[in-house]
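Here is a friendly walk through one protein model, for anyone seeing it for the first time. Take a moment to turn it around before reading on.

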Amino acid sequence: MPDLEELAVEHAAKAAESPHGRSAHLVLHDGVLRQTVIALTGGTALDEHTPPTAGSVQVLRGRVALTVAGRHQELSAGQLAPVPQERHGLLAHVDSVVLLTVVTT
């Protein structure tokens, strides 16, 4: 069983060393279900992209914003939100780690 706290520490360090300010690790891949730990340094964004069939973002560390059509949904450590069903992005306000859970088809 993966330890999410250990993965958060590991990938936060990798993101800090990366010129792109991010690091990701696929934690679970079971059929259509995928869970990925994503670490972003403060100020780093994931550009807008097409949504999965269904999903959620849980903030493990830090503070992020889900961005949708110019709107921001602020999330802090411990919070969970559904992935918007329209083009969206993610912006880290501070060094942050999230657990992205998606269902693909």
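## Starting at serine 56

Leaving aside residues up to four places away in sequence, serine 56 touches Leu80, Ala81, Pro82, Val83, Leu99, Leu100 and Thr101. Keep in mind that this is a predicted model. Serine 56 sits in strand 4. Its relative accessible area is 19%, and buried means under 20%, so serine 56 counts as buried.

## The five-stranded sheet

Strand 4 belongs to an open sheet of five strands, in the order 1-2-9-4-7, with antiparallel pairing. Strand 1 (22–30) and strand 7 (80–82) take the edge places with a single partner strand each, so one side of each has no neighbour in the sheet. From one strand to the next, the twist averages 20°.

What holds strands together in a sheet like this? Strands pair through backbone hydrogen bonds, and they can do so in a parallel or an antiparallel way.

Begin with the pair at the start of the order. Strand 1 and strand 2 run antiparallel and share eight bridges. Aspartate 30 has leucine 33 in strand 2 as its bridge partner. These two strands make a hairpin with two residues between them, and glycine 31 there takes a positive phi near 65°.

Strand 2 (residues 33–40) also pairs with strand 9, again in the antiparallel sense and over eight bridges. In that pairing, leucine 40 stands opposite serine 96 in strand 9.

There is a helix to fit in here too. Helix 1 (residues 4–17) lies across strand 1, strand 2, strand 4 (54–61) and strand 9, and it runs at about 145° to strand 1.

## The four-stranded sheet

A second open sheet has four strands in the order 3-8-5-6, and its pairing is antiparallel. Here strand 3 and strand 6 (71–76) are the edge strands; each has a single partner strand, so one side of each is left without a neighbour in the sheet. Neighbouring strands in this sheet are turned by 20° against each other on average, with direction ignored.

Strand 5 is a good one to follow. Of its six residues, five are buried, so this strand is mostly covered. Strand 5 (residues 63–68) joins strand 6 through six bridges, running antiparallel, and it joins strand 8 through four bridges, also antiparallel.

Some of the bridge partners of strand 5 are set out here:

| Residue | Partner | Partner strand |
|---|---|---|
| Valine 64 | Leucine 75 | Strand 6 |
| Leucine 66 | Glutamine 73 | Strand 6 |
| Leucine 66 | Leucine 90 | Strand 8 |

So what is unusual about the phi of alanine 69? Alanine 69 is not a glycine, and yet its phi is positive, at about 45°. Most residues other than glycine have a negative phi. Alanine 69 lies in the loop between strand 5 and strand 6, and those two strands form a hairpin with two residues between them. With a relative accessible area of 56%, alanine 69 is exposed, because exposed means over 50%.

## A proline in a loop

Proline 51 has its place in the loop between strand 3 and strand 4. Is proline 51 buried, exposed or partly exposed? Its relative accessibility is 22%, which falls between the 20% and 50% limits, so proline 51 counts as partly exposed.

Not counting residues up to four places away in sequence, proline 51 touches Pro84, Gln85, Glu86, Arg87 and His88. Leucine 26 is 25 residues from proline 51 along the chain, and their C-alpha atoms are separated by 17 Å.

## The largest pocket

One of those contacts of proline 51, His88, turns up again in the largest pocket. This pocket is lined by 14 residues, and Leu46, His49, Val57, His88 and Leu100 are the ones that lie nearest its centre. The space in the largest pocket comes to about 150 Å³.

Which strands each supply at least two residues of the lining? They are strand 3 (45–49), strand 8 (88–92) and strand 9 (96–103). Strand 3 and strand 8 are part of the four-stranded sheet, while strand 9 is part of the five-stranded one.

As for the kinds of residue, the lining of the largest pocket has 10 nonpolar and four polar residues, and no charged residues.

Key. Residues are numbered from 1 along each chain as its sequence is written. This is a predicted model: local features need pLDDT of at least 70, side-chain atom pairs count only at pLDDT 80 or more; totals for chains, interfaces and linings use all residues. Side-chain values use heavy atoms; hydrogens and water are left out. On a 1 Å grid over the protein atoms alone, a cavity is a set of points where a 1.4 Å probe fits but cannot get out, and a pocket is an open set with protein on both sides within 12 Å along at least five of seven lines; lining residues have an atom within 4 Å of a point. Grid points are joined across faces, edges and corners, and a volume is the space filled by probe spheres set on the points. Ala, Val, Leu, Ile, Met, Phe, Trp, Tyr, Cys and Pro count as nonpolar, Asp, Glu, Lys and Arg as charged, and the others, Gly among them, as polar. Two strands pair if DSSP finds at least two bridges between them. Axes are lines fitted to C-alpha atoms, for helices over the stretch in contact, and angles run from 0 to 180 degrees between N-to-C directions. Contact means heavy atoms within 4.5 Å. Buried means under 20% relative accessible area, exposed over 50%, partly exposed in between (1.4 Å probe, protein chains only).
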